[in-house]
Amino acid sequence: MVTDASPSEFSEREIWNYLSEVHDPEVPVLTVIDLGIVRKVQIINDSLKVVITPTYSGCPAMNTIEEDIIAKLKEKGVSNFTVETVLAPAWTTEWMSDEGKTKLKEFGIAPPQSGSKGSGRPEACPNCGSKETKLKSEFGSTACKALYICLECKEPFDYFKCH
Ligand SMILES: [Zn+2]
């Protein structure tokens, strides 16, 4: 039998490492750390608090993410923890790590372009790198993405919408 260890036996760094094994159910190449969903990991006395901010309110994946985080911590033998959802400040694509953006691109999804005015357009086609792209549909495979088509290679691709 595995004995549950209280959070004081773990370091916050270890908890961050565990959480980096939790993936986004919609874009499995991204972890919750890449997305910037995990805002805070705090060990106070004997209890661990994990604060998360959903990427999109109403995004059905968020419930799954919370459950996955809970399951991961339990799997690592952490007990006595709470996962708190904080809605403000709202998540923005700025919180996504550069590593996360690179992974998205390799996965064939154009990463969000924040830009000075938050222009919600992909910088380039993730397939061929062409800047000639056209919006095909505001909603791609999920509500979080828009569907674009590349005018160069004619391939459609998802753009992770910026907000
Ligand atoms: Zn292309």
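## Val22 and its surroundings

Set aside the residues within four places of Val22 in sequence, and the contacts left to Val22 are Leu30, Thr31, Val32, Asp68, Ile69 and Lys72. Val22 itself sits in the loop between helix 1 and helix 2. Is Val22 buried or exposed? With a relative accessible area of 3%, Val22 is buried, since the cut-off for that label is under 20%.

There's also a long step along the chain to look at here: Val22 and Leu73 are 51 residues apart, and their C-alpha atoms are separated by 9.9 Å. Keep in mind throughout that this is a predicted model.

## The overall layout

The protein has four helices and seven strands. Going along the sequence, the order of those elements reads α-α-β-β-α-β-α-β-β-β-β.

Of the 163 residues in the protein, 40% are buried. How much of the contact set joins residues at least 24 apart? If you take contacts between residues at least 6 apart in sequence, 55% of them join residues at least 24 apart.

## Helix 1 and its buried side

Helix 1 covers residues 12–19, and its buried residues are Ile15, Tyr18 and Leu19. They span an arc of only 95° around the axis, so they sit on the same side of helix 1. The general background is simple: an α-helix has 3.6 residues a turn, so residues three or four places apart point the same way.

What do the buried residues of helix 1 pack against? Their partners are helix 2, strand 1 (38–44), strand 2 (47–52) and helix 3 (61–75).

## Asp34 and Thr53, two buried polar residues

Asp34 belongs to helix 2 (residues 32–35). Its relative accessible area is 5%, which means that Asp34 is buried. The side chain of Asp34 reaches the backbone nitrogen of Thr31 at 3.0 Å. Not counting residues up to four places away in sequence, Asp34 touches Val29, Trp95, Met96, Ser97, Glu99, Gly100 and Lys103.

Thr53 is in the loop between strand 2 and helix 3. Its relative accessibility is 2%, so Thr53 counts as buried too. A polar atom of the Thr53 side chain lies 2.9 Å from the backbone oxygen of Val86. Leaving aside neighbours within four places in sequence, Thr53 is in contact with Ile37, Arg39, Met62, Val86, Pro89, Ala90, Trp91 and Trp95. Trp95 turns up on the contact list of Asp34 and on that of Thr53.

## Aromatic pairs

How many aromatic pairs are there? The count is four. One of them is Phe10 with Tyr18, an edge-to-face pair with 5.9 Å centre to centre and 80° between the planes. Both partners count as buried, Phe10 at 11% relative accessibility and Tyr18 at 14%. Tyr18 is also one of the buried residues of helix 1.

Then there's Tyr148 with Tyr159: the ring centres are 5.7 Å apart and the planes are at 80°, so this pair is edge-to-face as well. Tyr148 lies in strand 6 and Tyr159 in strand 7 (residues 156–160), so the pair ties together parts that are 11 residues apart in sequence. Tyr148 and Tyr159 are both buried. Add Phe157 to these two tyrosines and you have one aromatic cluster.

## The zinc site

Which residues coordinate the zinc ion? The ligands are Cys125, Cys128, Cys150 and Cys153, each through its SG atom, at 2.3 Å. The angles subtended by the four donor atoms run from 105 to 114°, and this is why the arrangement is tetrahedral. For general reference, the ideal angle for four tetrahedral donors is 109.5 degrees.

Along the chain, the zinc donors follow the spacing C-x2-C-x21-C-x2-C. Cys125 is in the loop between strand 4 (109–110) and strand 5 (133–137), while Cys150 is in strand 6 (residues 145–150), so this pair ties together parts that are 25 residues apart in sequence. Cys125 and Cys150 are both buried. Strand 6 is thus a shared address: it holds Cys150 of the zinc site and Tyr148 of the aromatic pair.

Technical notes: Residues are numbered from 1 along each chain as its sequence is written. This is a predicted model: local features need pLDDT of at least 70, side-chain atom pairs count only at pLDDT 80 or more; totals for chains, interfaces and linings use all residues. Side-chain values use heavy atoms; hydrogens and water are left out. Donors are N, O and S atoms within 2.8 Å of the metal (3.2 Å for Na, K and Ca); water is not among the atoms, so sites may look incomplete. Four donors count as tetrahedral if all angles lie between 85 and 135 degrees; four count as square planar and six as octahedral if opposite donors are over 155 degrees apart and all others between 65 and 115; anything else is irregular. Buried means under 20% relative accessible area, exposed over 50%, partly exposed in between (1.4 Å probe, protein chains only). A polar contact is a pair of N or O atoms within 3.5 Å; within protein, one must be able to donate a hydrogen and the other to accept it, and residues adjacent in sequence count only if both atoms are side-chain atoms. Contact means heavy atoms within 4.5 Å. The arc is that of the directions from the helix axis to the C-beta atoms. Rings of Phe, Tyr and Trp (its six-membered ring) pair if their centres lie within 6.5 Å; planes under 30 degrees apart count as stacked, over 60 as edge-to-face and the rest as tilted.
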